[in-house]
Amino acid sequence: MAAVGFNKKTVRDINLENKRVLMRADYNVPVKDGKISDDYRIKQSLETIRFILAKPGTRLVIMSHLGRPISPDDKQFSLKPVAQHLSQLLNKKVHFAANCIGDEAKAAIERLNEHEILLLENLRYHPEEEANDKVFAKALVDASGAQVFVQDGFGVVHRAHASTDAITKFLPAVSGLLLAREVKTIEKIMRDPAKPLVSVIGGAKISDKIEILNRMIDISDCVAVVGAMANNFLLANNIKLGNSLVEKNALAVTWQIMKRARDEEKKRKFSFLLPVDAVVSKRADGRLPTRIVDLEGDNIADIEAYPKIPKPSAYTVADDEAIMDIGPASAGLIAGALKMASTVFWNGTCGITETKGLAGAHDPFAHGTRTITEAMIGLSNRHAGRPFTLVGGGDTVSYVEQQGLIDDFSHVSTGGGASLELISGHKLPGIEALLDKHTA
């Protein structure tokens, strides 16, 4: 897929020789007992790191945040395990400073030799980071002694923080290779996608995805709504949902989005797909049986009951049950649309994919997600015309990586909120602050 223009300078556009470089990365990764369970974001930063260190005389200082520590005493949020993991990935020693500012950081940085790397401690140990404090940003620059700032933390550029915004007032600021690739890829799909474009959008709350839904209805040929977010649309269609998660205070906006989608269906060749069946259970931990509820009451229920009339339970979610996944008919409907797609945007799994099956059984609420994944990148779709697939960050990325499928998708974004903000058409502070290409 060809990329649209990126109007910000990147590390390819400036002279890095004999420079000390300060780079913002997004190493906000899951760490437990000093071990990193998901290193996708770290791996995606390696291209920029290697590019910088390949230049003669460079020294690299990297900064990031991790989680939301209350104070520097929250050692569970230390980036030291990330430094150790980064060393393994690069097969190269990555030094670590126990602070990101002050004499301790400065002394550690001064000891760096050419082509060496140092990772600073968690930026969020200092509340000034999220406050976009200029004094704190200046302290970061002073401690690093850097001559160039490289922004490569795509996952944080939608926030105006000291390490994304204020710091650009003190150093020439350019994009890293990961950031540039993310923006080019997403903007290409938003501006000029290969058609048909099919969007699969899920998540827990519709209030988090209002702009995404409206934007994708505008540009897609088909929008399929999945996950708990679909419950709002089902409720708006007067379907009883039992204990299912619903945002009742968002019903008005749900009606607006649904009306907009139905109006679009009347104007052009466009489909707005909602679940027609669902997998339900009384508990989300996978320890109780599951069953399929035919939400439309005239398909699976009729077949299973023939020659009798289906019992109401066949097409009704009981008061003590909740929807945990889309059903097989819904998954098949979406899979059929995906098979015809030239471009796919996917954000949000279809069910609670984290729940593990018991006694060797398949994960009980991941069947829908597996079906649509197979339709996007599976063996039956491995051909020259397979769609360009963009996975838009968040829990969907975690699922894709856990399944070992990262390389099967065309582009898996490292940014959750940042990718959604960009897709929604917003300008991102951390990108806007970088030097334009035409700047001398």
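Two strands pair if DSSP finds at least two bridges between them. The exercises below apply this criterion to a predicted model.

**Exercise 1. The surroundings of strand S7**

Determine which strands are joined to S7 by bridges, and decide whether the residues on its two faces are buried or exposed.

*Solution.*

Step 1. Begin with strand S1, residues 20-24, which is joined to S7 by 4 bridges. S1 and S7 run parallel. Within this pair, Val-21 stands opposite Val-148 of S7.

Step 2. Turn to strand S8, residues 173-175. A parallel arrangement is found here too, with 3 bridges joining S7 to S8. Phe-149 is placed opposite Ala-173 in S8.

Step 3. Examine the two faces of S7, which comprises residues 148-151. Val-148 and Val-150 lie on one side, while Phe-149 and Gln-151 lie on the other. These four residues are all buried, so both faces of the strand are covered.

**Exercise 2. An open sheet and its helix**

State in what order the strands S12, S13 and S14 are arranged, and identify which helix packs on their sheet.

*Solution.*

Step 1. Recall the general principle: strands of a sheet pair through backbone hydrogen bonds, either parallel or antiparallel.

Step 2. Establish the order. The 3 strands form an open sheet in the order S13-S12-S14, with antiparallel pairing. Strand S13 (291-294) and strand S14 (322-326) are the edge strands, each pairing on one side only. On average, neighbouring strands of this sheet are turned by 45° against each other, direction ignored.

Step 3. Inspect one pair in detail. Strand S12, residues 277-281, pairs with S13 over 4 bridges in the antiparallel sense. Ala-278 has Val-293 in S13 as its bridge partner.

Step 4. Add the helix. Helix H11, residues 328-339, packs on the sheet and touches S12, S13 and S14. The direction of H11 makes about 35° with that of S14.

**Exercise 3. The environment of Asn-122**

Locate Asn-122 in the chain, explain why Asn-122 counts as buried, and list which residues it contacts beyond its neighbours within four places in sequence.

*Solution.*

Step 1. Asn-122 belongs to the loop between strand S6 (117-120) and helix H5 (134-144).

Step 2. A residue is buried when its relative accessible area is under 20%. Asn-122 counts as buried because its relative accessibility is 0%.

Step 3. Leaving aside neighbours within four places in sequence, Asn-122 is in contact with Ser-64, His-65, Leu-66, Pro-69, Phe-77, Leu-79 and Cys-100.

Step 4. Consider Leu-66 from this list: its backbone oxygen lies 2.8 Å from a polar atom of the Asn-122 side chain.

Key:
Residues are numbered from 1 along each chain as its sequence is written. This is a predicted model: local features need pLDDT of at least 70, side-chain atom pairs count only at pLDDT 80 or more; totals for chains, interfaces and linings use all residues. Side-chain values use heavy atoms; hydrogens and water are left out. Axes are lines fitted to C-alpha atoms, for helices over the stretch in contact, and angles run from 0 to 180 degrees between N-to-C directions. Contact means heavy atoms within 4.5 Å. Buried means under 20% relative accessible area, exposed over 50%, partly exposed in between (1.4 Å probe, protein chains only). A polar contact is a pair of N or O atoms within 3.5 Å; within protein, one must be able to donate a hydrogen and the other to accept it, and residues adjacent in sequence count only if both atoms are side-chain atoms.
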